[in-house]
Amino acid sequence: MESVVTAAPATEGAVRTVTVTVPATSANLGPGFDTLGLALSLYDTLTVSSFADDRLDIDVAGNGSDAIPLDASNLVVRSIAHVFADVDRTMPGLHIFAENGVPHGRGLGSSGAAVTAGVLIAKGLLAGDVDLDDEALLRLATELEGHPDNVAPALFGGLTIAWTGERGPQHKKLLVHRGVAPLVFVPGFTMSTSLARSLQPPQVPREDAVFNVSRSALLVAALTQSPELLLDATADRLHQDYRGAAMPETLRLVQALRAEGFAAVVSGAGPSVLVLADGPGARQRAVEIADAVADTPWDAHMLAVDVRGGTVRDRAEGST
């Protein structure tokens, strides 16, 4: 059972206070392995005050509150420290109050959300001294997360294509067709991202690689222009079946939904299932199918695509 923290943000004597909101994300979206990501309307919100001393106080409510470290090993704190070190500034004392809406260990980008939150907190605390543009934010977040497919949509919102080139990690944000209606099924069990990745072979057949290239290209068109193509566009041969042995309940639900015409995929490394329905009305039918075939409880979340990405609000200056 998750603990509940009711402590209010400590601001008395603070040098600066910022509030950061970061969305959940779903990476891969079927064929777009390590490349495509989508921001969703589940959020972590953190209010952070900086101080002239070396204090570190952390209060957490919501998802993961019973397991998140409350010391310098906390991922948000490490992310803030990484940015301050990168720009050669001294880390201030901090009070962090986090209200976490993003499920942990469920394939919805909780670590990417924490990294993104830390980078944006640092941006807010450094405002007026150091200017961090979008390219710098993505670089710093990718250095911490290891890959940009979750942090790009968490930072910028919408559908993102992320890649690493000569200038480091890059992204392209696209607006999703208004007919796309996301639905996420979240189970009570978790999945380790490192374990999921270890189950994939180092090489795949050429025909499977070609299959995924074609579906990834089609998926961009389906999400932005033609939602009726989502079922074909979300087919995958690179990672989902290989990981299925570690989460058979997830694979079973994906297969059952796809057999009924729903564009269902493993969300990120799993075990949550993302359905990209071609209209809000279709989602209730997907819930009914899941209830009929699932042998483990699933929480259904009818969501929207988040178009803003992470935001940072200075108490005195407003949002950026």
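What follows is a conversation about how some labels in this predicted model are earned.

Reader: Let's start with the rings. How many aromatic pairs does a search of the whole structure find?

Author: That search finds one aromatic pair.

Reader: Why is the pair of phenylalanine 189 and tryptophan 298 called edge-to-face?

Author: The two ring centres are 6.1 Å apart, and a pair needs centres within 6.5 Å. The planes of phenylalanine 189 and tryptophan 298 stand at 75°, and the edge-to-face label asks for over 60 degrees, so the pair is edge-to-face.

Reader: What makes this a link between distant parts of the chain?

Author: The two residues are 109 residues apart. Phenylalanine 189 is in the loop between strand 7 and helix 5, while tryptophan 298 is in strand 10.

Reader: Which of the labels buried, partly exposed and exposed goes to each of these two residues, and why?

Author: Buried means under 20% relative accessible area. Tryptophan 298 has 13%, so it counts as buried. Phenylalanine 189 has 22% and therefore counts as partly exposed.

Reader: How do you know that arginine 55 sits over the ring of phenylalanine 51?

Author: The charged end of arginine 55 is 3.7 Å from the ring centre of phenylalanine 51, and the distance limit is 6 Å. Arginine 215 lies over the face of phenylalanine 211 in a similar way, at 3.9 Å from the ring centre.

Reader: On to charges that pair. Why can side chains of opposite charge pair?

Author: They can do so when their charged atoms come close. The structure holds eight salt bridges.

Reader: What makes arginine 139 and aspartate 86 a salt bridge?

Author: Their closest N and O atoms are 3.0 Å apart, and the cut-off is 4 Å. Arginine 139 belongs to helix 3 and aspartate 86 to helix 1, with their positions 53 residues apart in the chain.

Reader: Why is each partner called partly exposed?

Author: The label covers values between 20% and 50%. Arginine 139 has a relative accessible area of 29%, so it is partly exposed. Aspartate 86, with 37%, is therefore partly exposed too.

Reader: How do you know that arginine 167 and glutamate 135 form a salt bridge?

Author: The closest N and O atoms of this pair are 3.1 Å apart, within the 4 Å cut-off. Arginine 167 is in the loop between strand 5 and strand 6, and glutamate 135 is in helix 3, 32 residues apart. Exposed means over 50%; arginine 167 has 59%, so it is exposed. Glutamate 135, at 37%, counts as partly exposed.

Reader: Why does the pair of glutamate 288 and arginine 285 count as a salt bridge?

Author: Their closest N and O atoms are 3.8 Å apart, which the 4 Å cut-off still admits. Both residues lie in helix 10, three residues apart, or about one turn of the helix. Glutamate 288 is partly exposed at 41%, as is arginine 285 at 42%.

Reader: What joins Asp86, Arg139 and Glu143 into one network?

Author: Salt bridges that share partners join these three.

Reader: Now the interior. Why is serine 272 called buried?

Author: Its relative accessibility is 0%, and buried means under 20%, so serine 272 counts as buried. It is placed in the loop between strand 8 and strand 9. Its side chain reaches the backbone oxygen of arginine 106 at 2.8 Å. Serine 272 also touches residues including Leu108, Val184, Val186 and Trp298.

Reader: What makes leucine 108 buried?

Author: At 1% relative accessibility, leucine 108 falls under the 20% limit and so counts as buried. Leucine 108 is in the loop between strand 4 and helix 2, and its contacts include Ala24, Leu40, Val102 and Ser272. Leucine 108 and alanine 269 are 161 residues apart in sequence and 8.5 Å apart in space, C-alpha to C-alpha.

Reader: Which residues have the most contacts inside the largest nonpolar core?

Author: Leu46, Ile80, Ile96, Ile121, Leu126 and Leu132 do, in a core of 41 residues. Helix 2 gives the most to this core, with 10 residues. Contacts of isoleucine 80 include Met91, Leu94, Ile96 and Ile121.

Methods:
Residues numbered from 1 in each chain as written. Predicted model: local features only at pLDDT ≥ 70, side-chain atom pairs only at ≥ 80, totals over all residues. Heavy atoms only, no water. Phe/Tyr/Trp six-rings, centres within 6.5 Å; stacked < 30°, edge-to-face > 60°. Helix = DSSP H or I, 4+ residues; strand = E, 2+ residues; numbered from the N terminus. Buried < 20%, exposed > 50% of the residue type's maximum accessible area, 1.4 Å probe, protein only. Lys NZ or Arg CZ within 6 Å of the ring centre and 35° of its normal. Core = buried A, V, L, I, M, F, W, Y, C linked by side-chain atoms within 4.5 Å. Contact = heavy atoms within 4.5 Å. Polar contact = N/O pair within 3.5 Å; in protein donor to acceptor, adjacent residues only side chain to side chain. Salt bridge = Lys/Arg side-chain N within 4 Å of Asp/Glu carboxyl O. Lists of a residue's contacts leave out its neighbours within four places in sequence.
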